[in-house]
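Me: I would like to learn how to read the side chains of a protein model, one kind of contact at a time. Could we go through the features slowly, with the general idea before each case?

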Amino acid sequence: MAAAKPTPTDSLSFCLAQLTAAAEEGLDGTKDSATNETPLGRALLALRTRHVKAAAGIERFRARGGLRPLLALLRRAAAAGPTPSQASSGSAPSAASPGPAPPPDSAPSAGSSATSSPPVRLRKTLDLALSILANCCTEGASRAEVRKLGGILSLVTILQCVKTDSIQNRTARALGNLAMEPESCRDIHSAGGVPLLLESLAACKDSKCLQSVVRALRNLADSPQHRLSLAQQGAVRPLAELLATTPDLTLTSALVRALLELSRGCSRTCAEQLSLGGGLGPLVSLASHPKRAVREATILTLANLCAQGLVRPALGNAGGVEVLLGELRRRRGSNGASPASQQPLVRAICLLCREAINRARLRDAGGLELLMGLLRDSRAQPWHPRVVVALVGFLYDTGALGRLQALGLVPLLAGQLCGEAGDEEEEGREAASWDFPEERTPERVEAGSFRSLKSWLISEGYAAGPGDISPDWSPERCPLPETPEPSSPATGGPPSLQTPRKLCTPRHSPATPIEEPWGREGPALLLLSRFSQAPDPSGALVTGPALRGLLAYVTGAPGPPNPRALRILARLTCNPACLEAFVRSYGAALLRAWLVLGIAPDDWPTPRARPAPRCNQHRELGELLLQNLTVQAESPFGVGALTHLLLSGTPEDRVACALTLPFICRKPSLWRRLLLDQGGLRLLLAALTQPAPSPLFFVFVADSLSCLRSLVSPAESPTLALTSPWNLDLPTPCHYEPLLGPTPAPGPTPDLHFLLDSGLRLPAQRATSATASPFFRALLAGSFAEAQLDLVPLRGLSPSAAWPVLHHLHGCRGCGAARGPVPPPGQPLLGSEAEEALEAAGRFLLPGLEEELEEAVGRVHLGPQGGPESVGEVFRLGRPRLAAHCARWTLEPGRCLRKRALALMELVGAAGEEAGPLTEALLAVVMDAEAGGKGPGADC
């Protein structure tokens, strides 16, 4: 087959030459059209179909300088076409009223037909040139060059002068491609291209032309300023109207994408136009479109519209609430999208909660469960403050509050009090609830009575200016502050010295006086306060998590806490219905430990570094709350409730009641009957060996036992209780030391030696040793063989353990020998020489030595240098007197509660499963029966 014959148009140089010639000579007919126009048409066609569409064709065309003659040709072609005065009235349509499109079947007049349709040869030239330019503008470098060469103004001129659909289509396509660059987009706005595009949108009937115009408008909405400008020029309403009427799926997709761009950061004007254009219903319908791109663009558009309160009720009526809930539920599923893709939907649903009608729809559609799921999701933590604010809308919806409480809202709110603030941006005034829309009445038509009221309020000092008076203010909704005492007419001060009164408006403004701080914790506290006003809020608020959250906020707030939190705590402690819940949840013990004593759950067992707290304020608050609980506990209702808990409650309730009674009960008849006569104290002590029901259980028990001890012996001073007689004893002379010298001292001489297993010989006096103990009397003065020996063996005794025995046999009391075998604090006592000495004292029937050794152990391990760990070590020796000393050390009223609680833990660990000795020791100390009311150590 023969190859095709090459033509001149195959050469890019030939085509550019023809294009340059036509741009220089013009199309006004001065040249012979038969020899000039036909080569130009063939050159333009070859440029569009072959040269520009080839690989790197646009780059070669631009590099060869083709854009300049192409734009010059477009300018000459536009100048040869109908003038603007012929095509229209001479000006672009106004932005406010673009004017309706002519009926599709109306016949144009002869004049309009001549002006709106250029000659066929000129139209073909424009079509080809615009198509080439639009293709070239798909390349970034070409877009920049077209902008520099002034091509934007030429395209706007063609859009204004030539009303043919094909030319309008290609011009809009070229402008849309140019609008992909921010600089070009700004120039198109400045050149007045938007009104002309809107005019084409209203007049054109061709689907492809409409798609090009819609795309151009979408690309022109590249910044918040440009989006607002487009909305103010009326670009949104025709798009919405076209969306509601067109059956073309491709055009529908383009319209949805354009509305998505225009609704980003949705302005009031955009929302109004879209609603007036009837676009809400079609958008909701398109949310179930089979094409994913259309569906997602539609849903995001609906989410953007929720930023404007004026459109949210209509959006809910159209079914937008259910659509957005369903989409968020789908994205949060097991195979859902990332949290970032959920953010606009979460924001939209939270904004929908600001209107009552949408709240009802959201509640019926399962939105409460979805919002609660967001609060539980740690990945959604940045949105938690927004969700809590949304739930505030249900503040007076009793059914919704009950459902939220059942879903566990209260613990989550308590956890939000000390959480970090989210990164969500602040909403504008337009996002406020539309249940109370703003009045936009012009000043000139304001009612006379309202003007008179304004003037009177300002003249009387009730308002500083017109801005302080909200349109929806009424005296019933916001009472005025207390009026200062009026001065007498004779001595009335100047008006400047009088305190002006301001009106409280529902909207927060700098001029509005706010009663109390409203920080990030304000919404959560408002909901908690609403829950606390129920007749019986104990099931929701008097629980461990809720109380911990409130107390953590009160004690951890960087500044003064919100007074609402304090009122919540006071309201709960004053409610008789909450008394049993405070007992069951160890709430009273938690209030005392956290507020009065300063031990928080996260400070146990290791204290954490914290800023300097307001201890005095916290202590006063804790004492006030405990006093409220005391009033409830000592009332007839409280006595019956506590008695029922202790006698008929579950084992856990009985333990909690016994632990709480010393904190909230000061009537001796009540606590004696319940704790002593009814066995509540033994029940509490027996629970020490069971699994702890609370992390602070040992803190609570140690504090409770100390309080009970103070109730039993109120005259005991904490300062005196900490003064041990061990530290006051003076050393006495040693009677055994003279026998150890190299030369016998004047007086008695040793007539006996004891032989230890190690081979050491210790001197002794037979008569003195025989009278010190029944054991040694039988050994040394009886019928045993040792009575005739001068070297008596003592088996199973080390030198350190034998040392205090020999001193005691020779009459030493308090000479210091008993402290020799006692190890320093921090070393174990079990298996030590001290334990061996104690066993020897018992074996040799030396009770006085046992007491002296126990006293020495107490001095070293339970003295000022001893700690909670030493208490457990001492208790492990199994000595009743030492167990009593350990119990006293643990329950000293003036000792740090943290040390007392740690010591109690050590005692429980040392007691193991044999809790009887520990129980008896603690019980004896509490009842002050072990020493007959003496101080600790008085029996040693």
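**Reading the side-chain contacts**

Reply: Let us begin with a charge placed over a ring: in this predicted model, R895 lies over the face of W889, at a distance of 4.1 Å from the ring centre.

Me: How many aromatic pairs are there?

Reply: The general idea is to ask whether two ring centres lie within 6.5 Å of each other. Counted in this way, the structure has seven aromatic pairs.

Me: Why is the pair of Y586 and F700 called stacked?

Reply: One looks at the angle between the two planes, and a pair counts as stacked when that angle is under 30 degrees. The rings of Y586 and F700 have planes at 20 degrees and centres 6.1 Å apart, so this pair is stacked.

Me: Where in the chain do Y586 and F700 lie?

Reply: Y586 is in the loop between helix 33 (579–584) and helix 34 (587–596), whereas F700 belongs to helix 40 (residues 697–712), so that the pair links distant parts of the chain, 114 residues apart. Both rings sit in buried residues, since Y586 has a relative accessible area of 8% and F700 has one of 2%.

Me: What kind of aromatic pair do F697 and F698 form?

Reply: F697 and F698 form an edge-to-face pair, with 70 degrees between the planes and 6.1 Å from centre to centre; the label follows because an angle over 60 degrees counts as edge-to-face. F697 is buried at a relative accessible area of 1%, and F698 is buried as well, at 14%. If you now follow the ring pairs from residue to residue, you find that they link Y586, F697, F698 and F700 into a cluster.

Me: What is the sign of phi at Y586?

Reply: The background to keep in mind is that most residues other than glycine have a negative phi. Y586 is not a glycine, and yet its phi is positive, at about 60 degrees. As for its place, Y586 is found in the loop between helix 33 and helix 34. A56 is another residue that is not a glycine and has a positive phi of about 60 degrees, and A56 is found in the loop between helix 2 (33–51) and helix 3 (57–63). A56 counts as partly exposed, at 45% relative accessibility.

Me: How many salt bridges does the structure hold?

Reply: Here the idea is to look for a side-chain nitrogen of Lys or Arg within 4 Å of a carboxyl oxygen of Asp or Glu. The structure holds 27 salt bridges, and we can read a few of them in turn. In one of them, the side chains of R363 and D364 meet with an N to O distance of 3.6 Å. R363 is partly exposed, with a relative accessible area of 32%, while D364 counts as exposed at 63%.

Me: How far apart are E580 and R584 in helix 33?

Reply: E580 and R584 are four residues apart in helix 33, which means that about one helical turn separates them. Their side chains meet in a salt bridge, at 3.1 Å from N to O. E580 is partly exposed at 22% relative accessibility, and R584 is partly exposed too, with a relative accessible area of 39%.

Me: Which residue forms a salt bridge with R592?

Reply: The partner of R592 is D703, and the closest N and O atoms of this salt bridge are 2.5 Å apart. Because R592 lies in helix 34 and D703 in helix 40, the pair ties together parts that are 111 residues apart in sequence. D703 counts as buried, at 2% relative accessibility. Salt bridges can also share partners, and in this way R123, D127 and R170 are joined into one network.

Me: How many disulfides are there?

Reply: The test is whether two cysteine sulfur atoms lie within 2.5 Å of each other, and by that test the count is zero. Take C266, whose nearest cysteine sulfur, that of C270, is 4.0 Å away, and which is in no disulfide. C266 counts as buried, at 5% relative accessibility. C350 is likewise in no disulfide, for its nearest cysteine sulfur, that of C353, is 6.1 Å away, and C350 counts as buried at 4% relative accessibility.

Technical notes:
Residues are numbered from 1 along each chain as its sequence is written. This is a predicted model: local features need pLDDT of at least 70, side-chain atom pairs count only at pLDDT 80 or more; totals for chains, interfaces and linings use all residues. Side-chain values use heavy atoms; hydrogens and water are left out. Rings of Phe, Tyr and Trp (its six-membered ring) pair if their centres lie within 6.5 Å; planes under 30 degrees apart count as stacked, over 60 as edge-to-face and the rest as tilted. Helices (H or I, at least four residues) and strands (E, at least two) are DSSP runs, numbered from the N terminus. Buried means under 20% relative accessible area, exposed over 50%, partly exposed in between (1.4 Å probe, protein chains only). A charge sits over a ring if NZ of Lys or CZ of Arg is within 6 Å of the ring centre and within 35 degrees of the ring normal.
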